[in-house]
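Reader: I should be grateful for a close look at one part of this model, namely the place where the two chains meet. Please set that part in the context of the chains around it.

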Number of protein chains: 2
Amino acid sequence: MIRFHNLSELQQWTASLPSNRAVGFVPTMGALHEGHASLVARAVKENDEVLASIFVNPTQFQELVDLDRYPRTLEQDCEVLERLGATAVYLPTENDMYPRGFQTRIEPGEGAEWFEGEKRPGHFTGMLTVVLKLFQQTRARRSYFGEKDAQQLFLVRRMVEDLDLNVEVLSCATIREPDGLAMSSRNARLSETERFESASLWRALSAAKSAFDRGERRASVLEQAMHDVLKATAVEVEYASVIDDLTFRPPEPTLDEHEHEQCLRAILAVRLGAARLIDNLLLGHA
Amino acid sequence: MIRFHNLSELQQWTASLPSNRAVGFVPTMGALHEGHASLVARAVKENDEVLASIFVNPTQFQELVDLDRYPRTLEQDCEVLERLGATAVYLPTENDMYPRGFQTRIEPGEGAEWFEGEKRPGHFTGMLTVVLKLFQQTRARRSYFGEKDAQQLFLVRRMVEDLDLNVEVLSCATIREPDGLAMSSRNARLSETERFESASLWRALSAAKSAFDRGERRASVLEQAMHDVLKATAVEVEYASVIDDLTFRPPEPTLDEHEHEQCLRAILAVRLGAARLIDNLLLGHA
């Protein structure tokens, strides 16, 4: 597997690629786990060349302490990517991404007003800006994102559609531990007791899904089902909500027949010790 | 000359073009004058195919009345483009640009804080967003902008560099009437008396340039030279300023030898009857 240590090395490679070679691209912040592996494995199946990037993007962190303690495991990450069959890994420098004078940003719209967008001001602006830059730098034909970061996936899809970007966005299902905890680089911060408690996120989402499957459609009742599970635990709930998956906003009463059919998703974010964890589960058409 | 009446017709054409055909692109809002013609003529010289677009972009107007009375002269515009040798004109519909659910925007940075960015809130966000979309839709290799809209040109260049867009930005000198008035679609709004008065913009810029050429480097003195010309006229000055051309901000004292060399430009905006006019002139290295 090739390592591109900066933009210039990447550009030599993209310039030499025949234009009909399809590049699949998996952007990451490193600390790769089975969730990332599923994205790379799918990209390898669907493309001629697979490029992963590892860049811990400072502009999408609000707290310096969170950026500082974000895990860096470069050698292990490269082993994982090589074993899965990636062509190359791109390791941009900070100057490749944010050279002197840098100032233009991508701003999400209404889909970023709530939830992660509200709790982490500036996070999605930083994420979308770096993702658009990586799309342009890599000239990817297809890109792969995990469903665990549901609002991120929603906003990347919106950006690609809104800005007519010439890249396909594909997603892979969340990979879970046996007790249901979604794989995340931040799980490493959990103590043994917290790790045990963290299974309550999945139990809460499952409770909402069970209620939905029994016919419940009221967002407030579905949300209460999640809160009922979480209140008996040590997690501090930031939000446990039901959204319209097509707008990533709280569902609204449909006013006329021309409105889109709503599709509900349960989403939640909690703090547990030193970690902040998010997860979500598609409920179905309302 | 081909007319593409919507995005789908454009896309059939771009998809059928061999990838080594260079497309030169001239985005316009129509009401073409000799300034636009110089851009198209240059694009025809430098590219295999030349595409112009005509789209009066609502998101870059702050006042509905300005949008409403913006001149629409489609048939004349198409004659001009055909005569100059353009391959095609792209006439996107509003739905091609802003379909339902559209929400992602390009936000400029510090280069938009002053001058047009301050006087026309949201203007540059609307302009950059539509320009990026047009770049993506047309898959242009080169794009052409007039120097009259100096801050627009500055921000488009920054966007292309900051977001790693795969398009070259080229500019053409401002085309002027014999008395120095810069060609603009908005000149049509001037009465005969106002048209006479409007030559004062060029006289003011020329006064700053003369002072600069005599060795004057103080921004305040160069600006006063412009105000001295304009105060004797009927124009209402919005700004008459000197900027650092590399930041599009007021020049700052250079603090250390690593600072860039400053290059000064005189810029101004005035109201004259029903028209708002802007113009600028490069002074030189400070």
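Author:
**The contact between chains A and B**

In this predicted model, β5(A) and strand β5 (residues 105-107) of chain B run antiparallel and are joined by 3 bridges. Within this pairing, A:I106 stands opposite B:I106 in β5(B).

The strand pair belongs to a wider contact, in which 22 residues of chain A touch 22 residues of chain B. On the side of chain A that touches chain B, the elements that give two or more residues are β5 (105-107), α7 (123-138) and α8 of chain A. Of these, α7(A) supplies the largest share, 4 residues. By class, the side of chain A that touches chain B holds 7 nonpolar, 8 polar and 7 charged residues.

In chain B, helix α7 covers residues 123-138. Its 16 residues, at 1.5 Å a residue, should span 22 Å, and its end C-alpha atoms are 22 Å apart, so the expected and the computed span agree. The helix is mostly covered, since 13 of the 16 residues of α7(B) are buried. An α-helix has 3.6 residues a turn, so residues three or four places apart point the same way. After α7(B) comes B:R139, whose phi is positive, near 50°.

A residue of chain B that deserves separate attention is B:N57, which lies in the loop between β3 (49-54) and α3 (64-68) of chain B. B:N57 counts as buried because it has 22 C-beta neighbours inside 10 Å, where the cut-off for a buried residue is 20 or more. Leaving aside neighbours within four places in sequence, B:N57 is in contact with B:M29, B:G126 and B:V130. B:M29 is 28 residues from B:N57 along the chain, yet the C-alpha atoms of the two are separated by 7.2 Å.

The element α8 of chain A, already named among those on the side that touches chain B, also takes part in a contact inside chain A. Chain A is divided into domain 1 (2-172) and domain 2 (185-285). The centres of domain 1 of chain A and domain 2 of chain A, taken over C-alpha atoms, are separated by 26 Å. Their contact takes 13 residues from domain 1 of chain A and 14 residues from domain 2 of chain A. On the side of domain 1 of chain A that touches domain 2 of chain A, two or more residues each come from α6 (116-119) and α8 (150-162) of chain A. The most, 3 residues, are given by α8(A). That side of domain 1 of chain A is made up of 6 nonpolar, 3 polar and 4 charged residues.

As for chain A as a whole, there are 11 helices and 10 strands. The radius of gyration of chain A is 19 Å, close to the 19 Å that the globule rule gives for 286 residues, so chain A is as compact as a globular protein of that length. Along its principal axes, the C-alpha trace of chain A spans about 55 × 50 × 40 Å. Of the 286 residues of chain A, 42% count as buried. Among the contacts in chain A with a separation of 6 or more, 69% are between residues 24 or more positions apart.

Methods: Residues are numbered from 1 along each chain as its sequence is written. Chains are lettered from A and ligands numbered from 1 in the order in which they are written. This is a predicted model: local features need pLDDT of at least 70, side-chain atom pairs count only at pLDDT 80 or more; totals for chains, interfaces and linings use all residues. Domain bounds come from an automatic or database domain assignment. Two residues are in contact if their C-beta atoms, placed from the backbone, lie within 7 Å. Ala, Val, Leu, Ile, Met, Phe, Trp, Tyr, Cys and Pro count as nonpolar, Asp, Glu, Lys and Arg as charged, and the others, Gly among them, as polar. A residue is buried if 20 or more other C-beta atoms lie within 10 Å of its own, exposed if 12 or fewer, and partly exposed in between; C-beta atoms are placed from the backbone. The expected span of a helix is 1.5 Å times one less than its number of residues. Two strands pair if DSSP finds at least two bridges between them. The radius of gyration is taken over C-alpha atoms; the globule rule is 2.2 Å times the number of residues to the power 0.38.
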